[in-house]
Amino acid sequence: MSKTATLEINGQKHEFPLITGTENEVAIDIKTLRGATGGVTTIDPGYKNTGSCESGITFLNGEEGILRYRGYAIEDLADKADFLEVAYLLIFGELPTKVELEKFHADIKEESVVDDDIKKILDAFPKAAHPMGVLSSLTSALTAFNPSSVNVDSEEDMYKTVVKIMGKFPVLVAWAMRKKSGLPLNYGDDSLGYVENILKMMFGKPNGEYTQNKILVNALDKLLILHADHEQNCSTSTVRIVGSSHAGLFASLSAGISALWGPLHGGANQAVLEMLEAIKEDGGDTKKFMAKAKDKADPFRLMGFGHRVYKNFDPRAKIIKVAADEVLSDLGIEDPVLDIAKGLASEALSDEYFVKRKLYPNVDFYSGIIYRAMGIPVEMFTVMFALGRLPGWIAQWKEMRARKEPIGRPRQIYIGENHREFKTIDNR
Ligand code: SDX
């Protein structure tokens, strides 16, 4: 492989270094492009061909359907680790020892109380408010109650801020859900495991003991692991670019939550369930909806299908599909929507339009079926995605700040009016 790429512009040749990553991915380093060429830049809507950074956190190979966190295969982590271990791995770079994990969890529990005045902000929301908007607002509000979390120039400050958000975020998630269901807010029980306590905070009733269901605990733990990071996706890129202005971590996370909310991104898991329900209500005619998805005149897309990077099966979708079968059968639930999903997937996987465009089920296609089986309301599905993605966002923000990345500020090609003389209002 040559060490440089040559670009010829107006008969002049310019050489740019090629950089190669540890998985042999190659990029043209164009840091000097504008200066070397007298102002020529690149343009790449949606950054389909553009790398924003070098990162050592997550590796994806979209053609082969590979996903690894810090070098560990997602299949191994989903099967053998728990979510807090994976969070530690993503944020600090290594799987924790038993002692390290116990200390991490103890430090998180120390910081899992939220200032009671946050409840006044939550109270101000209408019950009908979408929980993603509530979560984004409350996450940003955390800065006001934890001002020291903004300047994280030392490792110690960074660690304190990490355990603060790992402790408080699940509380905000549970409170956003309970606000909609009218249940009193609570803190669960910090003698429980991290994921057990999340379930108790979400579902505990004030008039009785909450009984843990191992099936639900394992299912949620696996789902959170599968959502924990995914390199430079839309919401993670948002967290990084907001943090690159040296805004605090909580403000950066709040922006990432808003980006994840969109139905083309994390909001797809809610959109998938709504689509499957619509197909069921419509008599289960999947062929009609497939035709709509292929009709360019129709804005309808097959939600949960397609991916910017995966041009093969999303490895997470494979794992979630198996888990959905297990959870439903363990819970003794017959969900016709799962059958519709399977029917849709098998039709799409043999349909020329989808095959040609390499559109496969993604992480959002089956996850909602498990969330629903767990009794989680559909409007909370994307909040659960954010709960899983939290450690990935933290890890990526921490890496961006540690590497002292410059403020993110893309260029553009102007296509508006050329200079024109001002006209006073009487002359317009
Ligand atoms: C996530 O980036 C990440 O890593 C994200 C994520 C993560 O973990 O962070 O993996 C999570 O966001 C998963 C994606 C969830 N979104 C959806 O399920 C929404 C439905 N999918 C699409 O909107 C779409 O596939 C995207 C947004 C996911 C990807 O869009 P791209 O890469 O910009 O691809 P594109 O829109 O250019 O599509 C290429 C072609 C187009 O047709 P042509 O113009 O070539 O004829 O494929 C078609 C698209 O119309 N197409 C679809 C389709 N997805 C793409 N047609 C019908 N249904 C679909 N779902």
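User: Before anything else, what counts as a salt bridge here?

Analyst: A side-chain nitrogen of Lys or Arg within 4 Å of a carboxyl oxygen of Asp or Glu. By that rule, this predicted model holds 24 salt bridges.

User: What makes Lys-200 and Glu-209 a salt bridge?

Analyst: Their closest N and O atoms are 3.6 Å apart, and the cut-off is 4 Å, so the pair qualifies.

User: Why is Lys-200 called buried or exposed, and what about Glu-209?

Analyst: Lys-200 has 16% relative accessibility, and buried means under 20%, so Lys-200 is buried. Glu-209 has 67%; exposed means over 50%, so Glu-209 is exposed.

User: How do you know that Glu-277 pairs with Arg-372?

Analyst: Their closest N and O atoms sit 2.4 Å apart, and anything within 4 Å passes. Glu-277 is in helix H12 and Arg-372 in helix H17, so the pair ties together parts 95 residues apart in sequence.

User: Which other residue forms a salt bridge with Arg-372?

Analyst: Asp-335, with closest N and O atoms 2.9 Å apart. Asp-335 is in the loop between helix H14 and helix H15, 37 residues from Arg-372. Through shared partners, Glu-277, Lys-280, Asp-335 and Arg-372 join into one network.

User: Why is Arg-372 called partly exposed?

Analyst: Its relative accessibility is 29%. Buried needs under 20% and exposed over 50%, so Arg-372 falls in between.

User: On the ligand side, what makes Tyr-353 a polar contact?

Analyst: An N or O atom in the Tyr-353 side chain is 3.0 Å from a ligand nitrogen; the limit is 3.5 Å, so that pair counts.

Notes:
Residues are numbered from 1 along each chain as its sequence is written. This is a predicted model: local features need pLDDT of at least 70, side-chain atom pairs count only at pLDDT 80 or more; totals for chains, interfaces and linings use all residues. Side-chain values use heavy atoms; hydrogens and water are left out. A polar contact is a pair of N or O atoms within 3.5 Å; within protein, one must be able to donate a hydrogen and the other to accept it, and residues adjacent in sequence count only if both atoms are side-chain atoms. Buried means under 20% relative accessible area, exposed over 50%, partly exposed in between (1.4 Å probe, protein chains only). Helices (H or I, at least four residues) and strands (E, at least two) are DSSP runs, numbered from the N terminus.
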